[in-house]
Structure formats: structure tokens, C-alpha cells
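I sat down with this one and a cup of coffee to see what I could look up. My notes follow, in the order I took them.

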Amino acid sequence: MRTLLITGPGGSGRTTVAAATAFAAAREGTRTLLLGAGPEDALGPVLGDADLPGLTVRRVDADAGFRADLAALQERAGGALDLLGASRLVPEETGPLPGAEELAVLRALRDAAASEDAYDLLVVDLPAAPRALPLLALPEELRRVLRRLLPPERQAARALRPVLGRLAGVPMPAEWIYETAARLDLQLAAVQALLADRGTAVRLVAEPGPAGADALRTAALGVALRGLRLDAVVANRVLPESEAAGWLAGPVAQQRKTLDEWREEHTVHPVAHLGRDPRGADDLAALAAPVAPAVTGPVRWTVTDRIAEDGVLVWHLPLPGARRDSLDLVRRGDELTVTAGPFRRVVPLPSALRRCTVDGAALREGELRIRFRPDPELWPRTR
């Protein structure tokens, strides 16, 4: 199954484009699942009376997911709650906590990928880019935190846990904590595998113009830093060139200039302005949204060997739109923290680079090139 994640700046019409994309794919005979990940049912008004064979529409229900998680947590921790004299919470009387919506979206992605229903394409209408990009970063970040707090190797000492607790003078984590962490890690790994799959791509929606250009540049940088594949940019609400007269001449020229700039860096699909808010099957068909992309290889951060020429290994990180004054690198052990604009990612170093020291970095043609010099104390010596 191919997966198309659609996001963009707020107000860019990304929900309309997601609906039109799924509608176009279903019309071509592709069995399509359209997943709405927003807090409200934004897809309903856009789809209207559109009822197409091969198109299934679902919406993420964060409230129901939170209540189910709360009930399951209280069931597993029932013994501890009873010992503490704590009263049980009634899920129906509790609203979702901050972050529950994001976790519900991740669960929906995992369930869609593992579904027994036969779908060829999953189209996900994500929230606006400032929320969507941190959401897509959650699986990797949460797994890293879990490994730091509850290292897997500690689980091998389950039989020694009571003894270790007496020696340390503090109680060791209960068995259900490790079991819950392992179960959560498996769920996050499934979502992470979906995002890294060669059939998964991100499509950004923006309205051509100065504000849209700035927002698109930032969003594309965030997509690149996460190692996700950017399929294309959908330029939404494009005014017709035939209307470039009178007061419309200025906006049309501005859109034309922005589109030319975008085409230098991205694959751009213009979607026409219908002069109204699209509603129903006829309007979705008139938008002529591009269908899903072909399956290609994943984004790779390659390491080139330049030891013979310069005595270094070079790690290549494609970061289009990055600026030197907003870049920062910090190495901690076998991890490298990369900050680019408002985004940050902690990535493990490839095995060869762990035996090296950072020798410098340069940003050239939208690519961050980090130089690593072999550490004589750690690097294998040749005769």
C-alpha cells in the first residue's frame, strides 16, 4: 500500500486537496482510504454528496482512543491503584489530555497499515504543517526516550529485580511498566516503518504568494530533516492567466513569479481557483488534483569515503531551504543533534562515524556536509 501524507500552511486548502486527491485516485480504480486527522470533521463538507466506489473515508476519533487507553491503563495498574487507595477514573467523564490527539493519529496510521482491508492507497489529511511535522517526529522521539528511560538490556535482569531493589534501597520498576513500554515500542516502530517505507511520501499544499512561499520553505526543511520523501508541491487556488487584467493583474503576476521559483526546486502541480469553496463530486473532479506518486526509493543520508584524498569521511544530509545562520550541530556520544531553523532531530551516527571526531561542516547547494576524521585510538589500523 502506498501512503500519501498531505499537509501545508494553515488556510492553504490542504483538506480540499486531500479529498480531491483521494477522489481522483478512486476514479481511476485505485482502492483508496482517505483518513481525516484533524480535530473536527473537515472532510465531510468538502466531500458533500460524493459517493464513489473504491473510496473509503474515516476520521480519527481522539476522544474514543483516549478513553480506551485510560481504561486499559487502569486495568493494568489496578493492583497499584488499590494499594494506594486511589479511586478509578470514569473514562466518559474525562477529556483528552494534551498529546492525546497526536497519539490517536499515530494509532490510526498504524491500524490503516495493518488493516486486513485491501487498499492500494492511503491518503492522510494531516493538520497544518506546524502541527503535522512534530506529529510525524513523535514515533522516533518517543522510542528514543523509551530506550533511554527503560533500556531493553535491563529487562534481561527480571529475576534479579527484587534483589537489586533491596541493594539499591529503592523499588525497581514493576513488571507491567516494562511490558507496557515494550508494547508501546512495537506500536511506534510500526508507525516509524510506515513513514520510512519506500511507498510513503509527503505532499505539501500552499497558495502561491510571499506568505505561502515562506511557509512552504519552512515546511520543506522540516520534511527533509525528518528524512521523509517530498513528492510534490500542490499550488492551490491558482488564478487563471486569462484574468490577468485590472486589479487581478497584480495577484496573477505574483502567483506566476512564485510558481516559477517553486519549479526550480520542486515538482509543482497547480490546482485552479474555482471562484468558490469546492463542494461535492463535481467540484472535486474539476480541481483535477494529481494522483498518488509512483513508488521510489527512500531518502538516504549517504557517507562518502574521502580518507585517501582528504583524510575524512563526509556525511551528506539534504536540507533544502536551510540557512547557515539557523544551523547547529551538537555531538553527544554516538548521536548527533541537528538543528535547522525551528526543527531539531537527534540521529544516531552510522557505525563508521562513531569511531571518528567531527572535523567541520559546510552547507552547499541545499546539502549539509559534515566531515568526520577517524580517531587513531578507535580506527582500525592498516599494515
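**Entry 1: a serine in a loop**

I began with S12, whose side chain reaches the backbone oxygen of V205 at 3.3 Å. The model is a predicted one, so I keep that in mind for every entry here. The S12 side chain also reaches the backbone oxygen of P9, at 2.7 Å.

Where does S12 lie? I found S12 in the loop between β1 and α1 (14–27). Is S12 buried or exposed? It counts as buried, at 3% relative accessibility; the cut-off for that word is under 20%. I then listed what S12 touches, leaving aside its neighbours within four places in sequence: V205, A206, E207, N236 and R237.

**Entry 2: the sheet**

Next I traced the strands. I got an open sheet of 7 strands with parallel pairing, in the order β3-β2-β4-β1-β5-β6-β7. Which strands stand at the edges? They are β3 (55–59) and β7 (268–272); each has a single partner strand, so one side of each is left without a neighbour in the sheet. From one strand to the next, I noted an average twist of 20 degrees.

I looked more carefully at the pairing of β1 (residues 2–7) with β5 (residues 200–206). These strands run parallel and are joined by 5 bridges. In this pairing, T7 of the model stands opposite L204 in β5.

**Entry 3: helices across the sheet**

I then turned to the helices. Helix α9 (residues 210–225) lies across β5 and β6 (230–238), and runs at about 165 degrees to β5. Helix α10 (residues 249–263) lies across β5, β6 and β7, and runs at about 175 degrees to β6.

How far does α9 reach from its first C-alpha to its last? I noted 23 Å for its 16 residues, close to the 22 Å expected at 1.5 Å a residue. The buried residues of α9 include G212, A213, L216 and A219, and the list goes on with A220, L221, G222, V223, A224 and L225. Just after α9, I spotted G227 with a positive phi of about 75 degrees.

**Entry 4: charged pairs**

Side chains of opposite charge can pair when their charged atoms come close. How many salt bridges does the structure hold? The count is 21, and I looked up a few of them.

- R110 pairs with D111, with the closest N and O atoms 2.8 Å apart. D111 counts as partly exposed, at 38% relative accessibility.
- D310 and R306 meet through their side chains in a salt bridge, 2.8 Å from N to O. D310 is partly exposed at 42% relative accessibility, and R306 is partly exposed with a relative accessible area of 34%.
- R373 forms a salt bridge with D359, with the closest N and O atoms 3.3 Å apart. R373 lies in strand β14 (residues 367–374) and D359 in strand β13 (residues 356–364), so this pair ties together parts that are 14 residues apart in sequence. R373 is partly exposed, with a relative accessible area of 35%, and D359 is partly exposed too, at 34%.

Last, I asked which residues are linked with E140 in a network of salt bridges. I wrote down E141, R226 and R345, and closed the notebook there.

How values were computed. Residues numbered from 1 in each chain as written. Predicted model: local features only at pLDDT ≥ 70, side-chain atom pairs only at ≥ 80, totals over all residues. Heavy atoms only, no water. Pairing = 2+ DSSP bridges. Helix = DSSP H or I, 4+ residues; strand = E, 2+ residues; numbered from the N terminus. Axes fitted to C-alpha atoms, helices over the stretch in contact; angles between N-to-C directions. Contact = heavy atoms within 4.5 Å. Expected span 1.5 Å × (residues − 1). Buried < 20%, exposed > 50% of the residue type's maximum accessible area, 1.4 Å probe, protein only. Salt bridge = Lys/Arg side-chain N within 4 Å of Asp/Glu carboxyl O. Polar contact = N/O pair within 3.5 Å; in protein donor to acceptor, adjacent residues only side chain to side chain.
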